[in-house]
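Here are my notes on the model, set out as numbered points for a colleague who will be looking at the pockets and at the strands around them. Please read them alongside the coordinates.

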Amino acid sequence: MPRKLIATLFALLAMPGAFAQDYPVRPIRIVVPYGAGSNGEAGLRLLAAELEPRLAQRIVVEARPGGGGNVGAAAVAAAPPDGYTLLLGASNNFVINQHLYKAIGFDPLTAFEPVTIPFDIPFLIYTSATIPARTLGELVAWAKSNPEKLNYASSGAGTPPHLGAELLSQLAGMRMTHVPYKSNAQSVAALLAGEVQLFIGLISGAQAHVDAGRLRILATAVRERTVRHPEVPSAAESGFPTLNITTWWGLVAPRGTPKAVVDRLHEAVQASLRESNLKERYAQIGMVHIGNRPAEFAAQIARESAFWGDLIRSRGIRIE
């Protein structure tokens with residue numbers, strides 16, 4: 001075969017369009033950079049059941065924890081950009097961690113090709129029933145009249161519950177003391193035991209205790225009421241229209257992944273999210289389906305990275 005023809009064939013095979021035309025032809029691995037059983041993994045497994053028939057390939061979910069999610073995310077950033085190794089990371093991995101750690105091994109603004117945010121998890125503002133406040137406004141008034149008495153829990157320094165409480169403190173002009181724990185479950189236990197008086201966290205984290213009257217939900221930590229708790233006023237209704245604390249989970253591919261592959265994945269996720277069964281199952285566990293476009297997702301990463309970076313610096317938050 002003439003050398004010129006061989007070179008032409010290799011060039012055609014190397015073209016992203018030619019590669020992506022038949023994608024996928026083997027199983028797709030999606031890394032969740034946290035331990036087994038995380039909220040992200042739970043949401044992904046529900047989504048994977050819808051994706052597999054649409055992509056005609058198996059979805060392999062791999063939990064790869066370490067370094068606040070940095071280990072798994074860095075591994076995907078370094079993976080071949082062929083669409084067969086993806087990352088489902090939390091908002092921490094894309095807009096927060098780079099401002100907290102000295103080095104995370106990659107730049108989240110340039111290391112990935114954003115695909116979409118499949119689902120988001122709004123936070124609620126919980127307080128102990130022993131506190132007289134029954135609204136967010138009453139809590140702020142109580143905190144200001146009882147300086148140094150309001151302690152708040154988080155699932156660790158730099159996590160969304162920590163940053164959410166710091167944002168509320170800044171917006172309300174009140175002083176609170178941070179008490180970090182290792183998980184949401186421990187934070188809720190501390191709230192029940194009276195070690196802390198406030199926790200901003202996941203919708204599903206303390207519902208049984210709310211039902212039993214041991215905890216109260218003062219407001220959502222987002223701009224609107226939630227489907228699961230339509231009776232709870234939003235942050236905006238409670239006087240804090242700029243308070244918007246969630247953990248969203250974003251699907252990305254390594255930088256350089258062909259656009260046709262990214263588009264194929266995005267279309268498959270969007271089609272899956274339109275299924276009423278999946279939307280209902282997400283709503284049952286406190287998740288909101290999103291499915292935004294790659295360009296919208298990229299803009300959100302840039303916007304929120306700047307926002308959280310400013311808050312982290314202004315509040316002097318860091319991880320040693």
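1. Strand β7, residues 198–202, has five of its five residues buried, and therefore this strand is largely enclosed by the rest of the structure. Please keep in mind that the model is a predicted one, and that burial here stands for under 20% relative accessible area.

2. The pairing of β7 involves two partner strands. With β4 the strand runs antiparallel, and five bridges join the two; within this pairing, F123 has L202 of β7 as its bridge partner. With β5, residues 151–154, β7 pairs in the parallel sense over two bridges, and here A153 is matched to F199 of β7.

3. Strand β8, residues 215–220, can be read in a similar way: six of its six residues are buried, so β8 is largely enclosed by the rest of the structure. Five bridges join β8 to β4, and the two strands run antiparallel; among the partners, L124 is bridged to T220 of β8. When inspecting these strands, it may help to recall that in a regular strand the side chains alternate between the two faces of the sheet.

4. Turning to the pockets, the largest has a volume of about 840 Å³. Its lining comprises 35 residues, and those that lie nearest the centre are D120, V222, R223, N244 and T246. Two or more lining residues are given by each of α5 (91–100), β4 (112–128), α7 (160–172), β9 (246–254), α11 (276–284), β10 (288–289) and α12 (294–314), with α12 providing the largest share, five residues.

5. What is the make-up of the lining of the largest pocket by class? It has 18 nonpolar, nine polar and eight charged residues.

6. The second largest pocket has a volume of about 560 Å³. It is lined by 27 residues, of which Y34, N92, S155, T159 and P160 are the closest to its centre. At least two lining residues are supplied by each of α5, β4, α7, α8 (184–193) and β9, and the largest share, three residues, comes from α5.

7. By class, the lining of the second largest pocket divides into 13 nonpolar, 13 polar and one charged residue, whereas the lining of the largest pocket has eight charged residues. Strand β4 deserves a final look in this context, since it gives two or more residues to the lining of the largest pocket, supplies at least two to that of the second largest, and is joined by five bridges to β7 and by five bridges to β8.

Note on methods: Residues are numbered from 1 along each chain as its sequence is written. This is a predicted model: local features need pLDDT of at least 70, side-chain atom pairs count only at pLDDT 80 or more; totals for chains, interfaces and linings use all residues. Side-chain values use heavy atoms; hydrogens and water are left out. On a 1 Å grid over the protein atoms alone, a cavity is a set of points where a 1.4 Å probe fits but cannot get out, and a pocket is an open set with protein on both sides within 12 Å along at least five of seven lines; lining residues have an atom within 4 Å of a point. Grid points are joined across faces, edges and corners, and a volume is the space filled by probe spheres set on the points. Helices (H or I, at least four residues) and strands (E, at least two) are DSSP runs, numbered from the N terminus. Ala, Val, Leu, Ile, Met, Phe, Trp, Tyr, Cys and Pro count as nonpolar, Asp, Glu, Lys and Arg as charged, and the others, Gly among them, as polar. Buried means under 20% relative accessible area, exposed over 50%, partly exposed in between (1.4 Å probe, protein chains only). Two strands pair if DSSP finds at least two bridges between them.
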